[in-house]
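Subject: Handover of a structure, with findings

Dear colleague,

Please find below the structure that I am handing over to you. My notes on it follow directly after.

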Amino acid sequence: MTRKNKGILTVVSGFSGAGKGTIMKELLAKYEQNYALSISATTRAPRPGEKDGVEYFFKSREEFEKMIAAGELIEYAQYVGNYYGTPKAYVGKQLEAGRDVILEIEIQGALKVREQFPDALLLFVTPPSADELKRRLIGRGTESMEVIENRLARALEEAEGLEEYDYLVVNDVLEECVEEVHEIIRNEHYRVSRNAGNIREMREELKGFTRRQD
Ligand code: ADP
Ligand code: 5GP
């Protein structure tokens, strides 16, 4: 490519426990230069090991509602009793700088992002089976059985909206899944509609030839 295009905004969604967080960590560890991962704000409590400003910006409900009122979020949604939202400033800056930005958000937020960024790429991650999903949620050991049941009920609702997404990726073998996500985003750069600048430049150069021959 002769010219730097704007970065691609990719939304990654998937049932709780499908492995989104794990995939994102691997993807960033392997291809750090390629991606900028947006850090969301949330009112849910940090899990053991989670740090403010790393996995999330942890906020009180009051603080979160102030962010909504101040128009600081691209989108926000309620998920199993808590607010989650994407801060505006970081995403715009990274896209302009030509970096591919990833939002790891649930489906309502994904659809709101698509309204504002019609060329956003929407990926959905599933586990190989529903049984495996439950095993992973229990195995993670971070939620009570009640919360796990609520998250599984929410998974059924999310499955209804799956057709809104562009790509479905099954997270069976982690490394393979990470490569698939990387390839999908990489290939998206070659789409003709994302290369308008290059096409314009090439046309101008070609016109230069015909002028010289006149
Ligand atoms: P999500 O972010 O989608 O809620 P996590 O990334 O927290 O899911 O993963 C849920 C659990 O499943 C974690 O304990 C994680 O280690 C495990 N896990 C993730 N991917 C795989 C995989 N490909 N095979 C087996 N276990 C996995
Ligand atoms: P968790 O509590 O497991 O970290 O996340 C719960 C759900 O919230 C996941 O589906 C995750 O993708 C989603 N989520 C995380 N950040 C955001 C956000 O900024 N906006 C929206 N709409 N959903 C988010």
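In the protein, 67% of the contacts with a separation of 6 or more are between residues 24 or more positions apart. Please bear in mind that this is a predicted model. The chain has 214 residues, and 43% of them count as buried. Its secondary structure consists of 8 helices and 9 strands. Taken along the principal axes, the box filled by the C-alpha atoms is roughly 80 × 40 × 30 Å.

The five-stranded sheet

Five of the strands make up an open sheet with parallel pairing, in the order β2-β7-β1-β8-β9. At its edges stand β2 (35–37) and β9 (167–170); each has a single partner strand, so one side of each is left without a neighbour in the sheet. From one strand to the next, the twist averages 25 degrees.

The partner of β2 is strand β7 (residues 100–104), which runs parallel to β2 and is joined to it by 3 bridges. Within this pairing, Ala36 stands opposite Val101 of β7. A helix also lies across this sheet: α7 (residues 174–188) crosses β1 (9–14), β2, β7, β8 (121–126) and β9. Helix α7 runs at about 160 degrees to β9.

The four-stranded sheet

A further open sheet has 4 strands, ordered β4-β3-β6-β5, and here the pairing is mixed. Its edge strands, β4 (56–58) and β5, each pair on one side only. In this sheet, the twist averages 25 degrees from one strand to the next.

Strand β3 (residues 40–42) and β6 run antiparallel and are joined by 2 bridges. Ala41 has Gly85 in β6 as its bridge partner. Helix α3 (residues 88–96) packs on the sheet, where it touches β5 and β6. The direction of α3 makes about 35 degrees with that of β6.

The pockets

Which residues lie closest to the centre of the largest pocket? They are Lys20, Gly21, Arg47, Tyr56 and Glu104, out of 43 residues that line this pocket. Its volume is about 1,200 Å³.

Several elements contribute to the lining of the largest pocket. At least two residues each are supplied by α1 (20–30), β2, β5 (73–79), β6 (82–87), α5 (130–140) and α6 (145–160). Of these, α1 provides the largest share, with 6 residues. The lining therefore draws on β2 of the five-stranded sheet as well as on β5 and β6 of the four-stranded one. By character, the residues of this lining divide into 16 nonpolar, 11 polar and 16 charged.

The second largest pocket holds about 240 Å³ of space. It is lined by 13 residues, and those nearest its centre are Lys6, Gly7, Ile8, Asp119 and Arg194. The lining of the second largest pocket divides into 5 nonpolar, 4 polar and 4 charged residues.

I would be grateful for any comments you may have.

With kind regards

How values were computed: Residues numbered from 1 in each chain as written. Chains lettered and ligands numbered in written order. Predicted model: local features only at pLDDT ≥ 70, side-chain atom pairs only at ≥ 80, totals over all residues. Heavy atoms only, no water. Pairing = 2+ DSSP bridges. Axes fitted to C-alpha atoms, helices over the stretch in contact; angles between N-to-C directions. Contact = heavy atoms within 4.5 Å. 1 Å grid on protein atoms, 1.4 Å probe; cavity = no way out; pocket = protein on both sides within 12 Å on 5 of 7 lines; lining within 4 Å. Points joined across faces, edges and corners; volume = space filled by probe spheres on them. Nonpolar A, V, L, I, M, F, W, Y, C, P; charged D, E, K, R; others polar. Buried < 20%, exposed > 50% of the residue type's maximum accessible area, 1.4 Å probe, protein only.
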